[in-house]
Amino acid sequence: MSTLAERLQKLKNVSAAPFPPQLEGKVTRMVGLTMEAVGCVVALGDRCLVQVRNNRWVESEVVGFTGNLTYLMPTEAIDGISPGARVRPLVEESKMPVGDELLGRVVNGVGKPLDGKGPIRTKDSVSLQCDTINPLQRQPIHEPLDVGIKSINSLLTVGKGQRIGLFAGSGVGKSMLLGMMTRFTEAEVTIVGLIGERGREVKEFIEQTLGEEGLARSVVVASPADDSALMRLRAAMLATRIAEYYRDQGKSVLLLMDSLTRYAQAQREIALSVGEPPATKGYPPSVFSKLPQLVERAGNGRSGSGSITAFYTVLTEGDDQQDPIADASRAILDGHIVLSRRLAEEGHYPAIDIEASISRAMPNIVSEAHLQGAMRVKQLYSKYQQNQDLIAIGAYSRGSDPDLDQAIMRMPDIREFLQQGLGESFTIDGSLEALVQAMTKGE
């Protein structure tokens with residue numbers, strides 16, 4: 001029989017084990033998609049497992065707390081939960097798989113495959129959050145990026161590491177333009193985030209827009225509209241994190257996110273569910289702090305690393321350019337491309353409104369002659385639009401305004417230049433050549 005000293009020593013060894021005893025809590029209330037739990041020793045952002053019917057466990061995340069109450073948001077539909085359901089905190093940090101094994105795959109917001117090609121086994125894994133880069137350590141934007149769209153290449157030139165917004169209402173062609181950029185843009189790796197869009201579009205984008213060749217050098221992170229708000233939020237963060245991983249390897253990355261508005265709406269759902277007061281048109285303040293936190297992670301990296309050129313679609317509800325999300329996005333992005341419903345209804349594709357669009361990096365990455373030529377086209381286009389009604393009814397007499405006379409003469413060629421077929425691709429040099437032809441034709 002062991003002595004008392006030996007038994008005490010065994011108990012001492014157990015108490016000194018590296019894994020502390022795990023404390024479980026229980027669900028006391030559920031309203032909408034938010035669960036209230038007590039007895040959990042967790043911090044904001046920690047993950048938990050909640051037990052539901054048939055002894056199934058659903059992952060959730062801590063999104064807030066009040067006193068001894070902890071607010072949890074599930075990552076998936078949570079049917080079969082009952083009062084007193086067990087809540088088990090997850091000790092290990094959330095890690096996401098990254099690596100070249102992801103190329104050609106379609107995953108959800110937590111990195112699980114959706115394409116039926118089997119599990120993804122990668123050598124590396126990273127935390128969903130990444131340290132921010134000191135703005136003084138970022139490389140400046142100094143090199144243009146060929147996106148294959150002649151109107152953008154010539155009039156709204158994009159630089160490597162730039163963050164651009166595609167602003168449009170529903171059904172104006174932003175997904176079509178995004179697909180053209182996916183096929184034509186020169187980038188070593190393409191990361192596509194389909195956030196909160198229709199589930200039908202996911203398959204169409206992969207099969208018709210990307211194709212086998214495009215998918216081979218791409219990673220698609222999809223979270224359709226029927227996913228939980230937390231899953232949509234995570235999908236946007238995961239797409240950005242994968243892009244950061246490849247940028248740190250020195251690669252040129254193209255990040256396409258459709259859409260930034262759905263990301264903001266997901267954060268709004270979470271914030272309102274935990275009691276945050278609505279501020280601007282129903283959007284809580286946390287939405288406007290989350291947007292720059294996501295967008296600022298894209299761009300050029302430190303010296304020796306690569307770049308993330310990002311295109312974010314922004315849905316302007318009712319074609320309202322003063323929508324709170326559109327207004328906030330314009331302020332934090334390096335430029336915006338506005339799509340016009342009027343042009344789309346006229347069969348003008350891509351329906352880019354060059355008057356309302358701008359690239360803030362363009363003056364630093366193109367020649368003076370290129371910049372002056374682009375400004376001249378914008379001036380003539382704007383002059384014609386301002387006097388279009390007078391011209392249409394015949395109230396304008398030629399010779400009254402030399403600039404307007406020039407605009408009337410050049411407008412058919414300018415309109416032809418601004419249009420482009422879905423399968424057509426133009427390099428930057430080819431775009432400039434087409435622009436010069438449009439401005440000198442007939443001379």
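In this predicted model, Tyr245 has a relative accessibility of 12% and therefore counts as buried, since the cut-off for that class is under 20%. Tyr246 is likewise buried, with a relative accessible area of 0%. The rings of Tyr245 and Tyr246 make an edge-to-face aromatic pair, with 5.3 Å from centre to centre and 75 degrees between the planes.

A search through the whole structure gives two aromatic pairs. Besides the tyrosine pair, Tyr283 and Phe288 meet edge-to-face, their centres 6.2 Å apart and their planes at 65 degrees. Tyr283 is buried at a relative accessible area of 3%, whereas Phe288, at 27%, is partly exposed. Tyr283 also has a charged companion: Arg268 lies over the face of its ring, 4.3 Å from the ring centre. Elsewhere in the sequence, Arg183 places its charged end over the ring of Phe184, at 5.3 Å from the centre.

Turning to the strands, a barrel is closed by six of them, following the order 1-2-5-4-3-6 with antiparallel pairing. On average, neighbouring strands in this sheet are turned by 45 degrees against each other, direction ignored. One of the pairings joins strand 2, residues 34-38, to strand 5, residues 69-74, in the antiparallel sense through three bridges. Here Ala37 has Thr70 of strand 5 as its bridge partner.

A helix also meets this part of the fold. Helix 5, spanning residues 229-248, lies across strand 3 (47-52), strand 4 (56-66) and strand 5, and it runs at about 85 degrees to strand 4.

How values were computed
Residues numbered from 1 in each chain as written. Predicted model: local features only at pLDDT ≥ 70, side-chain atom pairs only at ≥ 80, totals over all residues. Heavy atoms only, no water. Pairing = 2+ DSSP bridges. Helix = DSSP H or I, 4+ residues; strand = E, 2+ residues; numbered from the N terminus. Axes fitted to C-alpha atoms, helices over the stretch in contact; angles between N-to-C directions. Contact = heavy atoms within 4.5 Å. Phe/Tyr/Trp six-rings, centres within 6.5 Å; stacked < 30°, edge-to-face > 60°. Buried < 20%, exposed > 50% of the residue type's maximum accessible area, 1.4 Å probe, protein only. Lys NZ or Arg CZ within 6 Å of the ring centre and 35° of its normal.
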